[in-house]
Amino acid sequence: MQILTRKTARQISHEDILGLVEGTALAIHVPGFVPEDVVAAAREKVIDHPEKGGLSQDTSFQRIGFAYSEISDEASRDLYHAQARDNIQRMRDLFAPYASPSDTFRAVVDEAWNAGASLLDIAGRKAFIGICRFQDKGVDLNPHTDALERNLPADGTHRLAAQLSANIYLNIPRQGGELELWGTEPGEDAYNELKGERVWGLERDQLGPPKEVIKPEPGDLLLLNPRQIHAVRPSSDEPRVTLGHFLGFYGPDRPLALWS
Ligand SMILES: O=C(O)CCC(=O)C(=O)O
Ligand SMILES: [Fe+2]
């Protein structure tokens, strides 16, 4: 049976993370990962940020930073790596004088996981981490899975054994914005078959009801397995704002790799 684990940052363990990879846990929920006053101080700054831009594949999703999933050719790959440190620093500056929640997250995962965690590098080039995502009122994040492999260099030298996702919530609408988890991992071929001609994601009516529906609060951290089908319901008032992170798993004794 898959469970939803509630933990403090200090309590997150190696076994908790392994449970997500192995499918014995559906999610790890850390309420209040970011203190209330830190969230309050950052909220205005992110919502009105001048460098907020539309996601390459779908401009109804805005973001600050540049996601690995936006890489589509060698030019965007070069841009992703060239901007990685500036994009990390921008969020660090935005949260100053408080710690950037993405930095704290990196430290907590490094402490919790026996072999530690560090920034992903692809062929010696550092990844970005800490993308700030906006889901405006009425925008539906359809059921989908995530996989680093979709955007890796074609040489096939980099392989993950599993992938996890960690979101930190900065703004949550009063109505809507629930995270839906189906707890099923279709695998890449079955997912593509389900997806058919759609550019991105699945339709809700292709699936049964989700196994779990979670409404996080601002300041919460939530870890999940994004190779299992998941979705976010549209918000009916304010934008839903998150900091998104992925974790690459290579085996229980190997370090985790972190990126956005
Ligand atoms: O924003 C969320 O709650 C989940 C976003 C998502 O699709 C993911 O973490 O892979
Ligand atoms: Fe996702």
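This text walks through a predicted model, from the surroundings of its ligand to some features of its loops.

Start at ligand 1. Its shell is made up of Leu141, Asp146, Ser165, Asn167, Leu179, Pro226, His230, Val232, Thr242 and Gly244. By type, the shell holds 4 nonpolar residues, 5 polar ones and 1 charged one. Three strands each give at least two residues to this shell. They are strand S10 (162-171), strand S14 (230-232) and strand S15 (240-249).

Now turn to the backbone. Most peptide bonds are trans, and most residues other than glycine have a negative phi. Two places in this model depart from those habits. The bond from Ala96 to Pro97 is cis, and its omega is near 10°. Look for Pro97 in the loop that runs between helix H3 (74-95) and helix H4 (101-112).

The other place is Ala123. Its phi is positive, near 50°, although the residue is not glycine. Ala123 sits in the loop between strand S6 (121-122) and strand S7 (125-126). Is Ala123 buried or exposed? A residue with 12 or fewer C-beta neighbours within 10 Å is exposed. Ala123 has 11 inside 10 Å, so it counts as exposed.

Last comes Ser72. This residue belongs to the loop between strand S4 (58-64) and H3. Ser72 also counts as exposed, because it has 11 C-beta neighbours inside 10 Å. How far is the C-alpha atom of Ser72 from that of Arg150? The two residues are 78 residues apart along the chain, and their C-alpha atoms are separated by 9.4 Å.

Conventions: Residues numbered from 1 in each chain as written. Chains lettered and ligands numbered in written order. Predicted model: local features only at pLDDT ≥ 70, side-chain atom pairs only at ≥ 80, totals over all residues. Near = placed C-beta within 6 Å. Helix = DSSP H or I, 4+ residues; strand = E, 2+ residues; numbered from the N terminus. Nonpolar A, V, L, I, M, F, W, Y, C, P; charged D, E, K, R; others polar. Buried ≥ 20, exposed ≤ 12 C-beta atoms within 10 Å, placed from the backbone.
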